[in-house]
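Reader: Please take a close look at the largest pocket of this model. Which residues line it, and what kind of chain surrounds it?

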Amino acid sequence: MADAIAYPLTEPGLWVERIGDRVFPGRPPALFLDRDGTINVDTDYPSDPAEIVLRDDTVPAIAAANRNGTPVVVVTNQSGIARGYFDWSVFAAVNGRVLDLLRERGVFVDMVLACAYHEAGVGPLAVSDHPMRKPNPGMLVEAGKRLDLDLQRSLIVGDRLGDMQAGRRAGLAQGWLVDGEAAALPGFAIRRLHDADDLGGLLAAIETLGWDNGF
């Protein structure tokens with residue numbers, strides 16, 4: 001129970017943290033982002049705040065969303081907690097470092113959701129195919145309810161196909177796959193994010209979200 005009191009846990013394996021107090025009228029679309037491997041370099045179950053390094057290609061996307069009033073939501077699987085590699089206090093320290101580094105670059109996120117459930121876990125976190133764990137859409141749907149988002153017009157950026165599958169299952173129409181390849185799924189377009197040209201396409205799509213928001 002101590003963790004539930006100390007940290008924003010809505011259940012033993014789900015972290016939901018609202019950051020800041022920006023108000024988003026009119027059911028806006030959001031920019032959803034995976035964390036490890038997308039916002040920061042993935043060091044394989046990151047557990048040391050001192051080792052966190054941001055990826056340069058994601059910061060401009062967050063900046064574009066910040067400028068035009070688009071909510072930025074982080075949705076991250078954290079099976080290292082279920083596996084016993086670290087606990088929520090370590091996640092809090094690492095995630096705090098990620099957010100601090102983003103602020104140092106002049107950008108910010110509005111909500112962080114983290115799912116610790118995994119079939120290889122122990123105790124109450126040992127859950128197979130939990131609805132909140134990507135590729136399931138639960139974290140995106142939960143953010144949509146809490147921020148009153150238009151999921152169909154939202155975008156997702158991630159480094160795994162599971163991120164794209166979560167976006168598709170949540171009703172999004174497109175996502176950008178870090179270091180992956182473009183593909184077309186029924187009702188969902190996967191776009192690659194390799195280079196400056198790919199980043200330009202993502203930034204253009206985020207700018208369009210701003211126009212939808214009235215900016």
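Author: In this predicted model, the largest pocket holds about 410 Å³ of space. Its lining is made up of 19 residues, and those closest to the centre of the pocket are Asp-42, Asn-77, Ser-79, Arg-133 and Arg-160. Three elements each give two or more residues to this lining, namely the strand β4 (72–77) and the helices α3 (79–82) and α6 (161–169). When the lining residues of the largest pocket are sorted by character, 10 are charged and 6 are polar, while 3 are nonpolar.

Turning from the pocket to the chain that surrounds it, one finds 7 helices and 9 strands. The radius of gyration of the chain is 16 Å, which is close to the 17 Å that the globule rule gives for 215 residues, so the chain is as compact as a globular protein of that length. The C-alpha trace, followed along its principal axes, spans about 45 × 40 × 35 Å.

The packing of the chain can be described in a similar way: 52% of its 215 residues count as buried, taking buried to mean under 20% relative accessible area. Among the contacts in the chain with a separation of 6 or more, 66% are accounted for by residues that lie 24 or more positions apart. As for the outside, the accessible surface of the chain comes to about 9400 Å², and carbon and sulfur atoms make up 52% of that surface.

Conventions. Residues numbered from 1 in each chain as written. Predicted model: local features only at pLDDT ≥ 70, side-chain atom pairs only at ≥ 80, totals over all residues. Heavy atoms only, no water. 1 Å grid on protein atoms, 1.4 Å probe; cavity = no way out; pocket = protein on both sides within 12 Å on 5 of 7 lines; lining within 4 Å. Points joined across faces, edges and corners; volume = space filled by probe spheres on them. Helix = DSSP H or I, 4+ residues; strand = E, 2+ residues; numbered from the N terminus. Nonpolar A, V, L, I, M, F, W, Y, C, P; charged D, E, K, R; others polar. Rg over C-alpha atoms; globule rule 2.2 N^0.38 Å. Buried < 20%, exposed > 50% of the residue type's maximum accessible area, 1.4 Å probe, protein only. Contact = heavy atoms within 4.5 Å. Areas by Shrake-Rupley, 256 points an atom, 1.4 Å probe, with all protein chains shown as cover.
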